[in-house]
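This report goes through selected local features of one protein structure. Please read it alongside the sequence and the coordinates.

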Amino acid sequence: MDRDKITEKVLEKLGQIKGVGTTNLLSSEDRETIRKMEKKADQMTLMGLGRGDNQGVKKVLDMDVLVSFLTDMDYEWPCGPNVILKHKDKKVGEDTEDAERIKEVEKCADSLVIGNIIIYDKGVLMEANSSKEPLIVVLPPKECEPVGCIEGVSDAILASPSPPTDEYIKERMCEKNECGSGTFLLGFDFENNG
């Protein structure tokens, strides 16, 4: 199957996922703009916790095809964790949708819960503030199984863009920034048919 047909199938499959709206193929110029925006966003403090490291966006920017898509409140985020907190290369926290786990952690004096983010040892916050090594808020790449199963696709990855990139994508797609709407990036590689 040729690459254009594979890309068509990917866009069709993506459009069938609940909560996914408009899709858009991004150009090499879009990639460079997003790369610069994300580099700047990584230097900002994320969620008031630490410096960002959007590994998902970094990965999709280097894939064969890059697609942006809009989401609404019906879109189901990939299984977590979607946010991982690291300090000195050690995992010190993460987000969770598991209400029972949050309740358990709230009972532990050494831990801290901020919304749906669990910090295993709140002492790390003091250490991160006083050290030259800040807390790193990692947004990992997530697999997109429905697209990864398409013949001719070798790898399909989802990434959650930073707020400036989200706005840029919405502008490119001529969409208003409505409450409950969001954007994701999908990167995929073609199978090597050589």
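What follows covers a helix pair, salt bridges, backbone outliers and aromatic pairs, in that order.

This is a predicted model, in which local features need pLDDT of at least 70 and side-chain atom pairs count only at pLDDT 80 or more, while totals for chains, interfaces and linings use all residues. Residues are numbered from 1 along each chain as its sequence is written, and side-chain values use heavy atoms, with hydrogens and water left out.

**Helix pair**

Helices (H or I, at least four residues) and strands (E, at least two) are DSSP runs numbered from the N terminus. Helix 2 spans residues 28-42 and helix 7 spans residues 163-172; the two pack at an angle of about 155°, with their axes 9 Å apart. That makes helix 2 roughly antiparallel to helix 7. Axes here are lines fitted to C-alpha atoms, for helices over the stretch in contact, and angles run from 0 to 180 degrees between N-to-C directions. Angles under 35 degrees count as roughly parallel, over 145 as roughly antiparallel, 65 to 115 as roughly perpendicular and the rest as oblique.

On the helix 2 side, the residues in contact are D30, T33, I34, M37 and E38, and they meet P164, T165, Y168 and R172 of helix 7. Contact means heavy atoms within 4.5 Å. By class, the contact of helix 2 with helix 7 has four nonpolar, two polar and three charged residues. Ala, Val, Leu, Ile, Met, Phe, Trp, Tyr, Cys and Pro count as nonpolar, Asp, Glu, Lys and Arg as charged, and the others, Gly among them, as polar.

**Salt bridges**

The structure holds 11 salt bridges, each defined as a side-chain nitrogen of Lys or Arg within 4 Å of a carboxyl oxygen of Asp or Glu. Among them are the three in the table.

| Salt bridge | Closest N to O distance |
|---|---|
| E32 and R35 | 3.3 Å |
| D62 and R35 | 3.4 Å |
| D155 and K59 | 3.9 Å |

E32 and R35 both lie in helix 2, three residues apart, which is about one turn of the helix. Accessibility is sorted into buried (under 20% relative accessible area), exposed (over 50%) and partly exposed in between, with a 1.4 Å probe and protein chains only. E32 is partly exposed at 39% relative accessibility, and R35 is partly exposed at 29%. The bridge between D62 and R35 links distant parts of the chain: D62 sits in the loop between helix 3 (55-61) and strand 4 (65-71), R35 in helix 2, and the two are 27 residues apart. D62 is exposed, with a relative accessible area of 58%.

The bridge between D155 and K59 also has a nitrogen and an oxygen 3.9 Å apart. This pair links distant parts of the chain, with D155 in strand 11 (residues 153-159) and K59 in helix 3, 96 residues apart. Both ends are partly exposed, D155 at 26% and K59 at 36%. Salt bridges that share partners join E32, R35 and D62 into one network.

**Backbone outliers**

Most residues other than glycine have a negative phi, and most peptide bonds are trans. G80 and P81 are joined by a cis peptide bond, with omega about 0°. P81 lies in the loop between strand 4 and strand 5 (84-87).

K88 is not a glycine, yet its phi is positive at about 50°. K88 belongs to the loop between strand 5 and strand 6 (90-95) and is partly exposed, with a relative accessible area of 44%. D89, in the loop between strand 5 and strand 6, has a positive phi of about 65° and is not a glycine either. D89 is exposed, at 75%.

**Aromatic pairs**

How many aromatic pairs does the structure hold? There are five. Rings of Phe, Tyr and Trp (its six-membered ring) pair if their centres lie within 6.5 Å; planes under 30 degrees apart count as stacked, over 60 as edge-to-face and the rest as tilted. The rings of F69 and F184 are stacked, because their centres are 5.8 Å apart and their planes are at 15°. F69 lies in strand 4 and F184 in strand 12 (residues 182-190), so the pair ties together parts that are 115 residues apart in sequence. F69 is buried at 0% relative accessibility, and F184 is buried at 3%.

F188 and F190 form an edge-to-face pair, 5.5 Å centre to centre, with 80° between the planes. F188 is buried at 0% and F190 is buried at 10%. Ring pairs also link F69, Y75, W77 and F184 into a cluster.
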